[in-house]
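Please open the structure in your viewer and keep the selection panel at hand. The stops below are meant to be taken in order.

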Amino acid sequence: MAEFLQFFFSGLTVGSVYALVALGFTLIYNASDVINFAQGEFVMLGGMVTVFLALAGIPLPLAALMAVMAAVAVGLALHRLAIEPARGAGVVNLIIITIGASIFLRGIAQLVFDKRFHSLPPLFGADPIRIGGAAILPQSLVVLAGAAIIVLLLWFFIDRTLTGKAVIATAANRLAARLVGIDTRRIVGLSFAVSAAIGAVAGILITPLTLTSYDVGTLLALKGFAAAMLGGIGSAPGAVLGGLILGMLEAFSAGYLSSAYKDAVAFVVILCVLFALPQGLLGSAKIERV
Amino acid sequence: MIVRLPVRYRLAPVAVVAALVVVLPQFFPSAYYYRVGALVFILALAAVGLNLLMGFAGQVSLGHAGFVGIGAYAVAVGPTHLGLPPWLSIVAGAVLSVCVAGAVGRPILRLKGHYLAVATLGFGLLIAIVLTNESAWTGGPDGMSVSRLTLFGWRVSGSVTWYWVAAATLLIGMVLAFNLIDSPTGRALRAIHDSDVAARVLGVDVAYKKLAIFVVSAVYASVAGSYLALFNGHVTPDIAGFLRSVELVAMVVLGGMGSIVGSFVGAAVLVVLPQTFTALHDYEHVALGLAIMAFMIFVRQGIVPAVVRWRTT
Amino acid sequence: MANNVILEVERLSIAFGGVHAVNEVSLAVPAGMVFSIIGPNGAGKTTLFNVISGIYVPQLGCVRLAGEEVTGLSPDRLARRGLSRTFQNLQLFSRMTALENVMVGRHRHESTGILSELLHLPSVSRQNRLTRDAALSALARVGLANDAEQPAGSLAYGALKRLEIARALASEPKLLLLDEPAAGCNPVETRGLEEVIRSIVAEGVTVVLVEHDMRLVMNVSDRIHVLASGRSLAEGTAAEIQSNLAVMEAYLGVDHSRERARAVG
């Protein structure tokens, strides 16, 4: 039982990170139909920038804030310099551009930072809490709480503010949104900025648990994307659900089956979802009009 | 944009590349250049195969290095664990790639756009993960060594020999590709690229054709992978990794999707440029990322079509 | 003129979401004639075509081609049984030349395997030549022989519509579905279209036409079937349909149709 709970919590924790990455994907995809493979780099930036600013003497909270701002700046730059100029390019071209951006950002990170693993001090100490025989690190709860708060804030923003409505409108029909006066370019830019912020926060929260390095972005992006597909690409609740489920699947299979193949779980999930249920759990199927 | 020549001169580009292959060594100051050339030819072979899938049939594969990995490890595992001679292992690798491509191809190719991209990506990564984990067979993350290729008692080793072997194979691969393009299946694939539904309505079995070209491109990648492993004498799992798949796609895209010669150019650019800037090895990723983005944004159709357009306007 | 029925549709129904695009439509097309399907916008004509040509699968009802049940078969299998069609919104292979577009139309008559194609065996060269010749004559029939080597994307709209017809003809169908071939064409082009349709039927191919251009429909049709809001409304000869009050109401609305009935006498 204790073992089960252990896996459950670790699954929930890492699943929260996947959920946030997936949420970032979904936000950008909804606003612009772009699958942003550089999403994982935002997470990486959150952690790495915080670490290096803290090492330079800046107090941790300020470093974290600056890291989020840096990620947002990168997100906006990505949109303005790489995505906007390529408007009208095919799906594959845009994917390749974001992959190129991801590689580029990783290269820069390699040079600006270094190639080692780094950590951050956990928010509430490193002594595990005992729940039902399982040992949970307080930081796990921080990650869960952080993810929940972000999801709530995002929901509030989308559902209750005018700008949020503009995002939905842009997602539903870009041309129509422009015709009613919505500046869709700014909205898409905003979606990149918010995605980057979400990713960065996720990165900062998870670093005390899983460490960070210049390289963590790729695998995270792929898993986050798997989670988004599982939940239904385009569905924000789906992204969160997908992330949590994927985290659980990973934790349980690593615990009960083989830990060597832990990373494979996400890709097996992607393939299964795409073959059996392409629209995901909460997405909707599309009909082609001829 | 697909660059077409009048039917009579169909194979002219191959002749041009062949001439280049023969003439270039006159200018090589050292054996190192033969090595670079061999690498270009080997990777160009994989790129040509991928181009058939992406540029002509309009599909996408972000996991093609998976097949490169299968071919590479076939020539490592074959002799070491199964007692197969290396040349037979090349064939075995190709056959295995055909089987794997045939098996996963059907469900994967039903997908389109970014779904297809991600499915192939997942597939490629799964192969890399398996190669990393099954260390009893594959030597794990550190890889394994590969014995040299011997053909009829003649030991194929050294940059100069591989230069000619790889060039010959690439030229054959290019001829086969041009043959396929100028055939009913080639036209059907190009039709599928432009309008899946119209092709269907004209009797094209779209699923079968896509699968066929997927398998063909897998064989190209597998042979290239086998050559790579035999040439280097060593193989590690990241030969099948995501970055390698991205590099292959970059070669196809940079050179021009739908231009077979373009794939050769793309491979040349992506192999030679990092070699010329060896001092800037640390900037490899930065440069690659920038190059990919810049090309996809500004020279969307690729080098060769851009040059052709520039020369004809 | 043959009397057998080449296309039969029986109580066909398909709905998207809650919208019944086609609602219990039945019709029978005798071989060798021009059979037109008309109706106001949204009547379900193109949807009906899409079901018949295998692009959509109906929820109810069946489709029979030359007496054989073909409901739900994929478009390529229908093509092999002699069905071909054009598209309302044009589905051309814009990156290929006009000739290559029509050559793809010959696909179901080509028989080379992928291995012989890779090796470019003589059988492939021969097949290419045969296909090319057949495609050229199809292009000539629609008056596009001179544009053979032009990229399809560069041709004028009227030419594109004819190109699609040539492509469909190249597959030597028994049954040809034309989806609004005159849409966007000027009167000269429409007259030319009339000629093409007549020449097609003269060869024994059955043509089913969906059209809005009433003059073309009345001039060329042997039989007309009217759809409105997904249901069959009427069927008959051109003269019968023209004086059918229900048809007028569907197109013109109740008040205007009474006026027209009065005007026609």
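A polar contact, as the term is used on this tour, is a pair of N or O atoms within 3.5 Å; within protein, one of the two must be able to donate a hydrogen and the other to accept it. Please keep in mind throughout that the model is predicted.

**Stop one: where chain B meets chain A**

Select chain B together with chain A, and display the residues that touch across the boundary: 42 residues come from chain B and 44 residues from chain A. Between them the two chains bury about 3,600 Å², and 81% of this area lies on carbon and sulfur atoms. How many residue pairs are in polar contact across the interface of chain B and chain A, with both residues at pLDDT 80 or more? The rule finds one such pair, and it finds zero salt bridges across this interface.

Now select the side of chain B that touches chain A, where the elements giving two or more residues are helix 4 (86-108), helix 5 (113-133), helix 11 (242-255) and helix 13 (284-298) of chain B. Helix 5 of chain B provides the largest share, with 14 residues. If you colour this side of chain B by class, you will find 31 nonpolar, six polar and five charged residues.

**Stop two: Asp263(A)**

Next select Asp263(A), which lies in helix 11 (residues 262-276) of chain A. Asp263(A) counts as partly exposed because its relative accessibility is 24%, between the limits of 20% and 50%. Leaving aside neighbours within four places in sequence, Asp263(A) is in contact with Leu219(A), Lys223(A) and Ile129(B). The side chains of Asp263(A) and Lys223(A) are joined by a polar contact of 2.8 Å, while the C-alpha atoms of Asp263(A) and Leu219(A), 44 residues apart along the chain, are separated by 8.3 Å.

**Stop three: Ser245(B)**

Go back to chain B and select Ser245(B), which is found in helix 11 of chain B. Is Ser245(B) buried or exposed? Its relative accessibility is 1%, so Ser245(B) counts as buried. Beyond its neighbours within four places in sequence, Ser245(B) is in contact with Leu62(B), Gly63(B), His64(B), Ala65(B) and Gly66(B); in particular, the side chain of Ser245(B) reaches the backbone nitrogen of Ala65(B) at 3.0 Å.

**Stop four: a hairpin in chain C**

Finally, select residues 223-228 and 231-236 of chain C, which are strand 9 and strand 10; these run antiparallel and are joined by five bridges. The two strands form a hairpin with two residues between them, and Ser229(C) in the turn has a positive phi of about 50°. Within this pairing, His225(C) stands opposite Glu235(C) of strand 10.

Methods
Residues numbered from 1 in each chain as written. Chains lettered and ligands numbered in written order. Predicted model: local features only at pLDDT ≥ 70, side-chain atom pairs only at ≥ 80, totals over all residues. Heavy atoms only, no water. Contact = heavy atoms within 4.5 Å. Buried area = accessible area lost by both parts, 1.4 Å probe. Salt bridge = Lys/Arg side-chain N within 4 Å of Asp/Glu carboxyl O. Helix = DSSP H or I, 4+ residues; strand = E, 2+ residues; numbered from the N terminus. Nonpolar A, V, L, I, M, F, W, Y, C, P; charged D, E, K, R; others polar. Buried < 20%, exposed > 50% of the residue type's maximum accessible area, 1.4 Å probe, protein only. Pairing = 2+ DSSP bridges.
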